[in-house]
Amino acid sequence: MTAGRASVTIRPFTDTDWPLIWPFFADIVADGETYAFDPEWSSDESRAVWLGGPRSHVVVAVDGERVLGTATMGPNRPARGAHVGTASFMVSPDARGLGVGRLLGEYVIDWHRQEAFAAIQFNAVVETNTAAVALWQSLGFDIIGTVPGAFDSARHGRVGLHVMHLPLTTG
């Protein structure tokens, strides 16, 4: 796969990837614009949340040995809600504009289809994160609702969280 000028490969996460993810993960969380994660979490606490449960699938986007981004995906809810998937994404700030987010998004959609999920639901896309909203819409997601004031943005104050949805099957 090619994104911008970088030759990007998406592959499953390995334990050796976390030390390369952690610096941009911590910076993105500390920025306070896209994730409601606690900026006081340690690397180990953050890793546990990102890696999720037993049905989670985590990947990295790499250019050679350089980790450009990561995505975690799996069921949105357990049991009777497990037919709908979800995902979260982080792209290193120095890799933005190279198409890494789009490649990860396409991978996530393909993975959910292969795993026979009926749909993908993003529960909390910050409405002021216009690049992400536009990306997900370009990949077919619709905003099906917005929870007003549900995210406390470091720069904008309380803003809405979009719930976004992409059907993968009919019925």
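Is Asp15 buried or exposed? Asp15 is exposed, because its relative accessible area of 57% lies above the 50% cut-off for that class. This report describes a predicted model, beginning with its sheet and ending with its charged pairs.

## The sheet and its helix

Seven strands make up an open sheet of mixed pairing, arranged in the order β3-β4-β5-β6-β7-β9-β8. Its edge strands, each of which pairs on one side only, are β3 (9-12) and β8 (142-153). From one strand to the next, the twist averages 25°.

Within this arrangement, β6 and β7 pair in the parallel sense, with two bridges between them. Val84 has Ala119, in β7, as its bridge partner. Helix α3 packs on the sheet, where it touches β3, β4, β5, β6, β7 and β9. The direction of α3 makes about 30° with that of β5.

## The nonpolar cores

In soluble globular proteins, nonpolar side chains tend to be buried together. The largest nonpolar core of this model has 31 residues. Those with the most contacts inside this core are Phe89, Val100, Leu104, Ile120, Phe122, Trp136 and Phe141. At least two core residues come from each of the strands β4 (57-63), β5 (66-75), β6 (84-91), β7 (119-126) and β9 (157-167), and likewise from each of the helices α3 (100-114) and α4 (130-138). The helix α3 gives the most, with six residues.

Trp136 illustrates how this core is joined. When residues up to four places away in sequence are not counted, Trp136 touches Phe89, Gly101, Gly105, Phe122, Val125, Phe141 and Met164. Another core, of 16 residues, lies apart from the one that holds Trp136. Among the residues of this other core are Val29, Tyr35, Trp50 and Val58.

## Salt bridges

Side chains of opposite charge can pair when their charged atoms come close. The structure holds five salt bridges. In one of the pairs, the side chains of Asp15 and Arg47 meet at 2.4 Å, N to O. Asp15 belongs to the loop between β3 and α1 (18-31), whereas Arg47 belongs to helix α2 (residues 43-51), so this pair ties together parts that are 32 residues apart in sequence. The exposed Asp15 thus has a partner, Arg47, that counts as partly exposed because its relative accessibility is 23%.

A salt bridge also joins the side chains of Asp17 and Arg11, at 2.7 Å, N to O. Asp17 counts as buried because its relative accessibility is 2%, under the 20% limit. Arg11, at 29% relative accessibility, counts as partly exposed.

Asp94 and Arg66 form a further salt bridge, in which the closest N and O atoms are 3.5 Å apart. Because Asp94 lies in the loop between β6 and α3 and Arg66 in strand β5, this pair ties together parts that are 28 residues apart in sequence. Asp94 is exposed, with a relative accessible area of 54%, and Arg66 is partly exposed, with a value of 36%. In addition, a network of salt bridges links Asp31, Glu33 and Arg155.

Note on methods. Residues numbered from 1 in each chain as written. Predicted model: local features only at pLDDT ≥ 70, side-chain atom pairs only at ≥ 80, totals over all residues. Heavy atoms only, no water. Core = buried A, V, L, I, M, F, W, Y, C linked by side-chain atoms within 4.5 Å. Buried < 20%, exposed > 50% of the residue type's maximum accessible area, 1.4 Å probe, protein only. Helix = DSSP H or I, 4+ residues; strand = E, 2+ residues; numbered from the N terminus. Contact = heavy atoms within 4.5 Å. Pairing = 2+ DSSP bridges. Axes fitted to C-alpha atoms, helices over the stretch in contact; angles between N-to-C directions. Salt bridge = Lys/Arg side-chain N within 4 Å of Asp/Glu carboxyl O.
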